[in-house]
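Please open the structure in your viewer and keep the selection tool at hand. The tour below proceeds stop by stop, stating what to select and what is found there.

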Amino acid sequence: MRVLVSGAGIAGPSLAYWLHRYGFEATVVERAPALRPGGQAVDFKGRTHLTVLERMGVLDAVRARRTGTTDLAFVDEAGRELAVMSGEFSGGDVEILRGDLAEILYDRTADAVEYVFGDTITALTDTGDEVRVEFERGQARTFDLVLGADGIHSRVRKLAFGPEADFVHHLGRYYCVAGASRWTDTSLPRERARGFAHNTPGKLAVDGGSKAQQMYMFTSPPLDYAREDTAAARRIIETTFADMGWHAPRMLAELAECDDIYLDSISQVRMHGEYTRGRVALVGDSAYGNTLAGFGTGLAVVGAYVLAGELATAAGDHVAAFAAYDRVMRRYAKIAGNSNAGPFLAPKTAAGIRARNWFLGSRLFTLMMKYGDKAANDIDLVDYPSLIRA
Ligand SMILES: Cc1cc2nc3c(=O)[nH]c(=O)nc-3n(C[C@H](O)[C@H](O)[C@H](O)COP(=O)(O)OP(=O)(O)OC[C@H]3O[C@@H](n4cnc5c(N)ncnc54)[C@H](O)[C@@H]3O)c2cc1C
């Protein structure tokens, strides 16, 4: 079977790996001209995520490039510590720069899978027997299946399911990540490895730490700007944080020299458990994205594992495989479904900031961490690779 995967982020190369292993012919089309670096560090939590990475043969490579997983200290204008968010909460069992992870997954598949960079799908026609695909640059081709792993603003979802506004819900805040974290060297002394965060009502700035060199978050209605336009993103941050004080003037001066900037809204994808339609399926953020909820990357690799495994189990019968995938992920993806990191990280009021700081030091926070760990493992992971060998 010929399978087209749209997107070479995290879900796309993970799908390509498994599809190839099960004997499907996979092609990955990526809009960017090359593998996209950047983004903050992402993390994997619990044995389910680690098992999937291990079965893909990348766990050791991921561990070898892990970050130092730093704590984040929330401080006042004068630098006095108010609360601490532990690195275990934000960095899970293993934390790695998103760009490093994308590179590991790509390297694992590049020899066996056709990658087409610098192109994108413009039209999909599902005839029932196959899908005819038109591209912006390349010749039209037909595939047996098309899988959308093209992120929260998925083109495949738009073409096969409908407009983004029907599925992607803006949660009232934006976030911006700039520059790769410097804390990728685990030999650095732990006590130096700390990020600092400062809030004013509706705003958060993070200076250093293992997630990124800088991070910003702010309340805002939907903004009109081109997402790929780094200069526009920089201007938005400069304007929004011009009056923050604290480290912000120095951070904005550094931002002026930085080209590795990623700005997007904090949004939730709500597909109501229907991630497949006809011969098209969605995986990763395109299907169950929830910005900064802490599970996006784990969900992407688990979703790819389940979808490819179900296709192999059903010997390519996509109707049976898609139904099983929808059923499994409908339940598992709920872990990312309902939370919104925005109000926690950037409360709208001074009272909200004080309450969050209190919460971070309370037993409730420990309970929340435990719940997150439990939810990340709440799936009966089928050993698809061994089923195939049998
Ligand atoms: C550059 C970048 C930075 C990120 N930074 C963060 C971050 O700081 N914090 C965070 O929580 N999440 C971030 N994310 C999202 C995070 O990677 C995902 O939540 C998660 O890892 C799930 O991965 P995914 O493969 O589903 O989506 P993504 O990692 O978003 O990958 C989607 C891929 O599809 C490609 N693509 C998009 N549209 C098209 C199209 N029309 N045709 C072909 N290809 C297309 C994209 O270029 C990208 O390579 C970032 C994503 C990217 C691409």
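A residue is called buried when its relative accessible area is under 20%, exposed when it is over 50%, and partly exposed in between. Please also bear in mind that this is a predicted model.

**Stop 1: a salt bridge between Arg157 and Glu164**

Select Arg157 and Glu164, whose side chains meet in a salt bridge with an N to O distance of 4.0 Å. Is Glu164 buried, exposed or partly exposed? Its relative accessibility is 26%, and because partly exposed covers the range between under 20% and over 50%, Glu164 counts as partly exposed. Arg157, by contrast, has 0% relative accessibility and therefore counts as buried.

**Stop 2: Arg155 and a distant partner in sequence**

Move next to Arg155, which is found in helix H6, residues 155–160. Arg155 has a relative accessibility of 27%, so it counts as partly exposed. Now add Leu282 to the selection. How far apart are Arg155 and Leu282 in sequence and in space? They are separated by 127 residues in sequence, while their C-alpha atoms are 10 Å apart in space.

**Stop 3: further salt bridges**

The model holds 14 salt bridges. One of them joins Arg31 and Glu228, at 3.5 Å from N to O. This pair links distant parts of the chain, 197 residues apart. Arg31 lies in the loop between strand E2 (25–30) and strand E3 (41–44), and Glu228 lies in the loop between strand E15 (214–219) and helix H7 (230–241). With a relative accessible area of 53%, Glu228 is exposed.

Select Asp43 and Lys45 for another salt bridge, in which the closest N and O atoms are 2.6 Å apart. Are Asp43 and Lys45 buried or exposed? Asp43 has 6% relative accessibility and so counts as buried. Lys45 is buried as well, with a relative accessible area of 9%.

To finish this stop, select Arg65, Asp100 and Glu103 together: a network of salt bridges links these residues.

**Stop 4: helix H1 against helix H10**

Select residues 11–21, which form helix H1, and residues 296–313, which form helix H10. The axes of H1 and H10 come within 8 Å and cross at roughly 30°. Why do H1 and H10 count as roughly parallel to each other? Angles under 35 degrees are classed as roughly parallel, and the two helices therefore belong to that class. The crossing in which H1 passes H10 is right-handed.

Now look at H1 alone. How many of its 11 residues are buried? Nine of them are, which leaves H1 mostly covered. Among the buried residues are Tyr17 and Trp18, as well as Gly12 and Pro13. Just after H1, select Gly23, which has a positive phi near 90°.

**Stop 5: helix H2 against helix H10**

Keep H10 selected and add helix H2, residues 46–55. These helices pack at an angle of about 55°, and their axes are 10 Å apart. That angle makes H2 oblique to H10. The crossing of H2 and H10 is left-handed, whereas that of H1 and H10 is right-handed.

**Stop 6: positive phi outside glycine**

Most residues other than glycine have a negative phi. The next two selections depart from this pattern.

Select His272, which is not a glycine but has a positive phi of about 55°. Where does His272 lie? It lies in the loop between strand E16 (261–269) and strand E17 (276–277). His272 is exposed, with a relative accessible area of 67%.

Then select Leu292, which also is not a glycine and has a positive phi of about 60°. This residue is found in the loop between helix H9 (285–288) and H10. At 22% relative accessibility, Leu292 counts as partly exposed.

**Stop 7: a nonpolar patch on the surface**

For the final stop, select Trp358, Leu364 and Leu367. Together these residues form a nonpolar patch on the surface, with about 340 Å² of accessible area. Leu364 has its place in helix H15, residues 363–376. The relative accessible area of Leu364 is 44%, so this residue is partly exposed.

Notes:
Residues are numbered from 1 along each chain as its sequence is written. This is a predicted model: local features need pLDDT of at least 70, side-chain atom pairs count only at pLDDT 80 or more; totals for chains, interfaces and linings use all residues. Side-chain values use heavy atoms; hydrogens and water are left out. Patches are made of residues with over 30% relative accessible area and no salt bridge: like charges are joined within 9 Å, nonpolar side chains (Val, Leu, Ile, Met, Phe, Trp, Tyr) within 5 Å. Accessible areas come from the Shrake-Rupley method with a 1.4 Å probe; for residues, only the protein chains shown count as cover. Helices (H or I, at least four residues) and strands (E, at least two) are DSSP runs, numbered from the N terminus. Buried means under 20% relative accessible area, exposed over 50%, partly exposed in between (1.4 Å probe, protein chains only). Axes are lines fitted to C-alpha atoms, for helices over the stretch in contact, and angles run from 0 to 180 degrees between N-to-C directions. Angles under 35 degrees count as roughly parallel, over 145 as roughly antiparallel, 65 to 115 as roughly perpendicular and the rest as oblique. A crossing is left-handed if the near helix is turned anticlockwise from the far one by less than a right angle, and right-handed if clockwise.
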